[in-house]
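Please examine the structure shown here and work through the questions that follow. Each answer reasons towards a single name or value.

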Amino acid sequence: MSIFATSTSAFFDRANLDLNSLRSQAEGLQSQISSGQRLTTSSDDPLAASRLRSLQRSDALAAVDTAAANRATSDLNLADSALNQFANYITRIQELATQASTGTLSDSQRASIGSELTQIRKDLVSMANTRDSSGHALFGGDASGDAYDIDSTTGAARYIGGGSAGELSLGEGQTVTRSLTGPEFLSFKDKAGNTTDLMAVVKTLGDALQAGGTAAQTTANASLDTLRNALDSVTTAQTVVGSRLSWIDLTVERQTAMGTARSSEQADVGGTDTSEAVVKLQELSTVLQASQASFAKLSSLSLFSILR
Amino acid sequence: MSSDLLSIGASGVKAAKIALDVTGQNISNASSDGYIRRTAKSTEVASTGYHGTIRDVSLSGVRISGVIRNADAFRQAEVRRTGSDTARASTEVSSLSNIEAAVENANVYTAITGFESSLQKLKEDPTDTSLRASVLEAGRTMTQTFQIAATQLDAVGTGLRFNATDGVTQVNTLAAELARTNLRLSRAADASSDQTALLDQRDKLLNDLSQYADIGTTFASDGTVAVTIGGGSAPTLVAGGTSYAVAMTTVSGTGTVSDGTISFDVGGAPVALSGGSLAGQQQSLIKLGQVHGNLDTLAADIVTTVNDAQKGGVDLDGTTGGDLFSGDKASNFTLTASSGRLIATAATGIGSRDTTNLDALRTALGTTDPAGRMDGILFDISGTVSGHTVTRDALKTISDAAATALSAQSGVDLDTEAVNLVRYQQAFQASGRVMQVASDLFDTLLNIK
């Protein structure tokens, strides 16, 4: 502002205003440097503040997505190891069925194989009721409680779980199915093309072997093809689980990349550029020192001190 | 008619004495608020001759014809006008910053995000009671932050109305004082030191008044002033020795809309203010009402969205979902559900892990978009603060320039006064010397023998 003449009080007022404004600017920079944040309130830069809010929101939601991915990973790993055991059992049943189909075995030998099969069937049912990481049936779909129970009259295993395994969201609209339902890998077609399930096949075989007679050998022979289908079904399910696990890996990788991008944007938008701020602070303090010195010099200039 | 050297000298001494007094007064008031530099105006005393004495020398020295106030009416008016604008803008910035702090520091946005992410987390295992409890607690936190924001906004509103009431009292006091000053001015002698002091007082009162409201002034030849307040029809505030009281009315809210805006009138005639702190408070209260209204609508929409979505499913015990929240505005937004079991996540079934209804709730919340709207509210108020800060800074520069220009012209410069002090001291000494010469001349005449 141009000064044409000056009054004493105006001189002091102006010096006061100028020094104060320099000081408050320097203090603002100092607080930016010490807090690392460029914005103290939203009104410092409304647009950047709004962007920071949405980044923080994405961070909060991404943390939930990461937890969901971890949970899905552990559930699918549990499913994978359970499927491995199923495959092992089916291989064992195939061995037993092959033995039983041999004509040289006596009825009592077949009956003992049959009782082993009955035991294996119990194991299969309890394995089908395996729990997941949160204590629900791993293969029971979205129902709580067991996946399979034993019909008290017929003794057959029944699927009592929900229709589909739940989906977990992995963020950005991506989802993954957390597990499989029992029927998805335990039900398959038998030799004649009818739908059956592993527990029923094993029960039929075990019952027939224990009953003995010529039917025992025929049933054992017939079950070999069906058991091959059962093994196929389980190994297919393992492939599905494996591909889901690698999908989660991909998603987690993307989540990490997004998280890194977000934090770098947060630093860009809301962080203090320390070197710039320090240089600016240095500049301000130089100006402030010069202003103080010139004020001290000018204010001591008075005609009264010269006139005697 | 003839001259008298002794009395000429005496008048010079007297005039120099008065000029020294004025200089001394200037020096001692160098930092007084509203003091305007005076100068003593000296006039020659000489009688013009008439026909018979036309060749006579008739000189009678000097006299102080008046004390001059070096006030520039135009610059004073500029200081009042720009000061009024700055006062309005400063009040707006500080009150809007309070509104911003009230909404921002309540952390409503963070709480909404917390509620949303707790719902997302619940999807991992909808039958887990601890996850359900965390949804309920996140919901409770959200309702509480809304209540805090509403309480804070109400407090800001109360503070603004209190300040406005105080401002109105000040305006009325100043107007009454101005009317009294007018009365005394109309009786004061022209160019007397009494009148200059009264004029200083008048200008200071006008300046103070302009900090509260924008005023219009009309000066009469005797120095009295008539003041109108506000724009438009501009009702009279002070006329001669009479002042008229300004009254403030608070608009009461209707229904769920909390209004609380204020209006002013002088004896029933509405006052449309565009400057001064009162205008700032009036404008800020309008913005406050708008922000408060947006917050209320958002709270009511969250209640409706969540409760409607609840009805579409069943809770953990298989019963149709009831209301989770209640309230129709931010201040009565509360959590009504007593247990996490009451969140309806499944479509049907007891203890089902089905998330159909939870997904529906999250989709409905996604459509209502509470986080986005809250961000909008925060952006609205912080953008307004930021814009007004720029305006305030610009207006402040203008009003500072006007004040400096006035002060440079009418304020006391100690260096000038030092020079004057020397000058009048020399004039005093010289006039004394004149008296000495007159006495010597007289003695010379007496000594003629």
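Q: In which loop of chain B is the place of N107(B)?
A: The model is a predicted one. Two helices of chain B flank this residue, α2 (73-105) and α3 (108-122). N107(B) therefore has its place in the loop between α2 and α3 of chain B.

Q: Near what value is the phi of N107(B)?
A: Most residues other than glycine have a negative phi. N107(B) is not a glycine, yet its phi is positive. The value is near 60°.

Q: Is N107(B) buried, partly exposed or exposed?
A: A buried residue needs 20 or more other C-beta atoms within 10 Å, and an exposed one has 12 or fewer. N107(B) has 17 other C-beta atoms within 10 Å, so this residue is partly exposed.  The class of N107(B) is thus partly exposed.

Q: What is the order of the strands in the open sheet of 4 strands in chain B?
A: The pairing in this sheet is antiparallel. Its edge strands, each pairing on one side only, are β3 (215-219) and β6 (242-243) of chain B. The order is β3-β4-β5-β6.

Q: Which residue in β5(B) is the bridge partner of V227(B)?
A: Strand β4 (residues 225-229) and strand β5 (residues 236-239) of chain B pair in the antiparallel sense over 2 bridges. In β5(B), the partner of V227(B) is V238(B).

Q: What is the approximate phi of A234(B)?
A: A234(B) lies in the loop between β4 and β5 of chain B. With 17 C-beta neighbours inside 10 Å, A234(B) counts as partly exposed. Although A234(B) is not a glycine, its phi is positive, at about 45°.

Q: Which strands are the edge strands of the open sheet with the order β7-β8-β9 in chain B?
A: This sheet has 3 strands with antiparallel pairing. An edge strand here pairs on one side only. The edge strands are β7 (246-250) and β9 (269-271) of chain B.

Q: What angle does the direction of helix α4 of chain B make with that of β7(B)?
A: Neighbouring strands of the sheet β7-β8-β9 are turned by 40° against each other on average, direction ignored. Helix α4 (residues 129-187) of chain B packs on this sheet, touching β7 and β8 of chain B. The angle between the directions of α4 and β7(B) is about 165°.

Q: Which residue in β9(B) is the bridge partner of F264(B)?
A: Strand β8 (residues 262-266) of chain B runs antiparallel to β9(B), and 3 bridges join the two. In β9(B), the bridge partner of F264(B) is V271(B).

Definitions and conventions
Residues numbered from 1 in each chain as written. Chains lettered and ligands numbered in written order. Predicted model: local features only at pLDDT ≥ 70, side-chain atom pairs only at ≥ 80, totals over all residues. Pairing = 2+ DSSP bridges. Axes fitted to C-alpha atoms, helices over the stretch in contact; angles between N-to-C directions. Contact = placed C-beta atoms within 7 Å.
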